[in-house]
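Please open the model in the viewer and keep the sequence panel beside it. The stops below are to be selected one after another.

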Amino acid sequence: MGKARAAGLAAGVALAVAVTGGTAACESGADGPGAPAADFSAAAGGTLRAWAFDNADDVGTARLDYAAARLPGLTVETDRTGFDAQKFTTRLAGGDVPDVVQMDREYVGTYAAQGLIMPVDRCFAAHRVDPRQRWYPNVVADVTYRDRIWAVPQFYQPPAIILNRTVLDAAGVRAEEIDTSKPDTLLAAIARMYRASDGVPSTLGFNPQATGQLYLWFVGQGGRLVGDGGVPTLDDPANVYPLELLKRIVDAQGGFARYKSFTDSFDVFGEHNQFVRNQVGAEIDAQWYANVLSPAKDRVRLAAAPFRGRDGRPVAVAFGGSFVIPAKSKNPSAACRWALALTEDGAWQAAARARAATRAKDRAVYTGLFTGSPGPDRSIREQYVKPSGNAGFDQVVRTYYDVLAAGRSAGASPAGQPLKQELTSAVTAALLGQKSPRAALADAQTAAVAAYRTIAG
């Protein structure tokens, strides 16, 4: 199954390179691998074609309105559908090239290596933006490939461990025992909380999000997924420990097949979610999930703990969104200025006000707005994050803010998406007992490197 997936991914990548490779090769310039040289003026006018903001919420709408007010001479035509890699390749091949595209940071290395997007270092220079000051270092690292920055990043919602105090207290487990740097202590706590009937789980002691938080487990536990030049390093010996630990955790809770079937049944976004129904004692969740739990704050007893690396220190790993400028953008200066306007302090302040109004209307807890930029994060927290009257829930919110500074990047690679697919396949095979962790990672490395070579040459 993993080999078939790898073949399909390699074929898809090969198609993208075949369609666009000639263009990338002939436009190589001083800006980086396969990238066209581009000049960015400080002015922004004319018409901008943007592929971004599908299903824009209150935060997105407020930022769009702010940018429009800041750039009155710019007409923005927006395709508000979700990013799709195949659609992007098709549009490029057909000459239907947007001026700016919103995509997850996982994709950036792939398109940078093929010369399909422009580096934005000159964009930053034209507007006197220091990326080291505007964004967290790990966020910038997500979009840095071969020493150039290839996207304007936005958002960074770190993961942490949400604790269900009802389940912990019933089992006599202390919050301090949910510590990913102390496997034996953690596994003992899991055993006390875990409940099953005829082998079918009814309560997990700890939901590690085994395939949903891959980067956190591997990078956070000392592994290495991307090496120099974006080369995959899935078979790095340091990656064996995180996978072995994940296997110990799921094996202690019925094995991966039963664990996966049980977690798939959760009403994750509903009023009968896994915390309300006491189906988990602890669970790794990205910061946005605190918003989902907010309506249930009076029906659950929550706390939170950071995810800790092998050294005992908190760590957070998460990708997020970004804006890229296609190599054949007709208005790159406007694309640059618009993307920067959407990510400057004023845009985030407008978004924070909109979110505060929405939360007040819904009588919900303001859990913060995690922008990817330390300045706005601090000011929004100081101005809008207030005690909710629920001490446990407030501690959850504080924990997410506390781990922001512990961010690490999984790295940018031309094989970003194939790498993730192969890593997921390796983890699944190992957790099911089909392969040893070392063998699963070695097979994944072979397929990921093949994809890397197809894309990067």
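Select Asp264 and Lys260 in helix H12; because they are four residues apart in that helix, about one helical turn separates them. In this predicted model, the two side chains form a salt bridge, with the closest N and O atoms 3.0 Å apart. Asp264 is exposed, its relative accessible area being 51%, whereas Lys260 is partly exposed at 31%.

Remain in the helix and add Thr263 to the selection; helix H12 covers residues 256-264. The side chain of Thr263 reaches the backbone oxygen of Lys260 at 3.1 Å. Lys260 thus appears in two interactions at this stop: its side chain pairs with Asp264, and its backbone oxygen is reached by Thr263. Is Thr263 buried or exposed? Thr263 has a relative accessible area of 14% and is buried. Beyond its neighbours within four places in sequence, Thr263 is in contact with Leu204 and Asn207.

**Two loops with positive phi**

Move next to Gln209, in the loop between E9 and helix H10 (214-220). Gln209 is not a glycine, yet its phi is positive, at about 50°. With a relative accessible area of 25%, Gln209 is partly exposed.

Then select Asp198, in the loop that joins strand E8 (195-197) to strand E9 (200-203). Here too a residue other than glycine has a positive phi, near 55°. Asp198 is exposed, with a relative accessible area of 77%.

**Salt bridges elsewhere in the chain**

The count of salt bridges comes to 23. Select Asp96 and Arg49, whose closest N and O atoms are 2.6 Å apart in one such bridge. Asp96 lies in the loop between helix H3 (85-94) and strand E3 (100-104), and Arg49 in strand E1 (residues 46-51), so the pair ties together parts that are 47 residues apart in sequence. Both residues are partly exposed: Asp96 has a relative accessible area of 32%, and Arg49 one of 31%. Extend the selection to Asp79, Lys87 and Arg91, which are linked with Arg49 and Asp96 in a network of salt bridges.

For a further pair, select Arg174 and Glu176, whose side chains meet in a salt bridge at 3.6 Å, N to O. Glu176 is exposed, with a relative accessible area of 56%.

**The two domains**

Now colour the chain by domain. The domain assignment gives domain 1 as 46-154 + 319-343 and domain 2 as 159-317 + 393-456. Taken over C-alpha atoms, the centres of domain 1 and domain 2 are 30 Å apart. How many residues of each domain are in contact with the other? Domain 1 contributes 14 residues and domain 2 contributes 19.

The area buried between domain 1 and domain 2 is about 1,300 Å², and carbon and sulfur atoms give 55% of that area. Select Glu106, Asn138 and Phe319 together: these supply 37% of the area that domain 1 buries against domain 2, more than any other three residues.

Between the domains there is one salt bridge. To display this bridge, select Glu106 and Lys420, where the closest N and O atoms are 3.5 Å apart. Three residue pairs are in polar contact across the interface of domain 1 and domain 2. On the side of domain 1 that touches domain 2, the elements giving two or more residues are helix H4 (108-113), helix H7 (137-142) and strand E4 (144-145). The residues of that side divide into six nonpolar, five polar and three charged.

**Last stop: Ala412**

Finally, select Ala412, in the loop between strand E14 (407-408) and helix H18 (416-431). Ala412 is buried, with a relative accessible area of 10%. Which residues does Ala412 touch, not counting those up to four places away in sequence? They are Ala141, Asp142, Thr144, Tyr145, Val226 and Gly230. Add Pro232 as well: Ala412 and Pro232 are 180 residues apart in sequence, but 9.7 Å apart in space, C-alpha to C-alpha.

Notes. Residues are numbered from 1 along each chain as its sequence is written. This is a predicted model: local features need pLDDT of at least 70, side-chain atom pairs count only at pLDDT 80 or more; totals for chains, interfaces and linings use all residues. Side-chain values use heavy atoms; hydrogens and water are left out. Domain bounds come from an automatic or database domain assignment. Contact means heavy atoms within 4.5 Å. Buried area is the accessible area (1.4 Å probe) that two parts lose on being put together, summed over both. A salt bridge is a side-chain nitrogen of Lys or Arg within 4 Å of a carboxyl oxygen of Asp or Glu. A polar contact is a pair of N or O atoms within 3.5 Å; within protein, one must be able to donate a hydrogen and the other to accept it, and residues adjacent in sequence count only if both atoms are side-chain atoms. Ala, Val, Leu, Ile, Met, Phe, Trp, Tyr, Cys and Pro count as nonpolar, Asp, Glu, Lys and Arg as charged, and the others, Gly among them, as polar. Buried means under 20% relative accessible area, exposed over 50%, partly exposed in between (1.4 Å probe, protein chains only).
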